[in-house]
Amino acid sequence: MLRILLLLTTVFTTSIYSISYQNNNGTTTSFNTHQGKKILIVNIATASPNVGQLAGLQQLYNQYSDSLVIVAFPSNSFNNEPRTNALIKTFCESNYSITFPIAAVGSVKGTGMQPTYSWLANATANGLMALQVDTDYEKFLLDKNGAIIAIFAASMQPTDTTIINAITDN
């Protein structure tokens with residue numbers, strides 16, 4: 001299923017910049033530190049059939065890191081993440097040379113969702129719609145003001161022209 005959504009404006013009641021996430025190494029980062037850049041949020045899993053997309057995500061990050069931050073959220077919500085935080089970090093760095101932020105393992109659906117995904121799932125908070133993650137490697141693009149501007153299905157490769165155009169569009 002292909003899900004793409006492009007919007008011109010969004011009014012949200014809770015800014016993504018008021019949310020923090022725990023990094024894979026145990027530190028906490030506020031989305032506020034990413035202001036002024038587009039943000040690509042991706043739920044990842046190292047045992048997913050889509051794990052090869054990590055290479056494309058790193059390629060995007062290498063090419064657009066001056067205007068884009070990618071934050072990967074490892075999750076076992078779809079039974080594809082058997083590794084611990086430390087093993088995920090090692091796997092991603094060793095196999096894909098990942099340098100973008102990796103959050104701590106957590107849920108991206110249902111009860112106990114990570115705060116980032118609670119925001120994505122709450123239309124009142126994000127000002128757009130209640131979004132539900134259906135599988136690993138779904139991608140959510142936020143503009144430089146923290147508004148959701150595009151949603152890309154897990155089947156869409158990170159280096160697809162549609163994603164690149166959404167990233168490079170002002």
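Here are a few notes on the packing and polar contacts of this model.

1. Ground rules: this is a predicted model, where local features need pLDDT of at least 70, side-chain atom pairs count only at pLDDT 80 or more, and totals for chains, interfaces and linings use all residues. Residues are numbered from 1 along each chain as its sequence is written, and side-chain values use heavy atoms, with hydrogens and water left out.

2. The largest nonpolar core (buried Ala, Val, Leu, Ile, Met, Phe, Trp, Tyr and Cys joined through side-chain atoms within 4.5 Å; buried is under 20% relative accessible area, 1.4 Å probe, protein chains only) has 28 residues. Leu40, Leu54, Ile70, Cys92, Phe100 and Leu141 have the most contacts inside it. The largest share, five residues, comes from α1. (Helices are DSSP runs of H or I, at least four residues; strands are E, at least two; both are numbered from the N terminus.)

3. Skipping neighbours within four places in sequence, Ile70 is in contact (heavy atoms within 4.5 Å) with Leu40, Leu57, Leu60, Tyr61, Phe100 and Pro101.

4. Now α5, residues 161-168: Ile163, Ala166 and Ile167 are its buried residues. Down the helix axis they fall within an arc of 100° (directions from the axis to the C-beta atoms), so they line one face. Their cover includes β3, α1, β4, β5 and β6.

5. The structure holds one salt bridge (side-chain nitrogen of Lys or Arg within 4 Å of a carboxyl oxygen of Asp or Glu). Glu93 and Lys89 form it, at 2.9 Å, N to O. The two sit four residues apart in α2, separated by about one helical turn.

Notes: Buried < 20%, exposed > 50% of the residue type's maximum accessible area, 1.4 Å probe, protein only.
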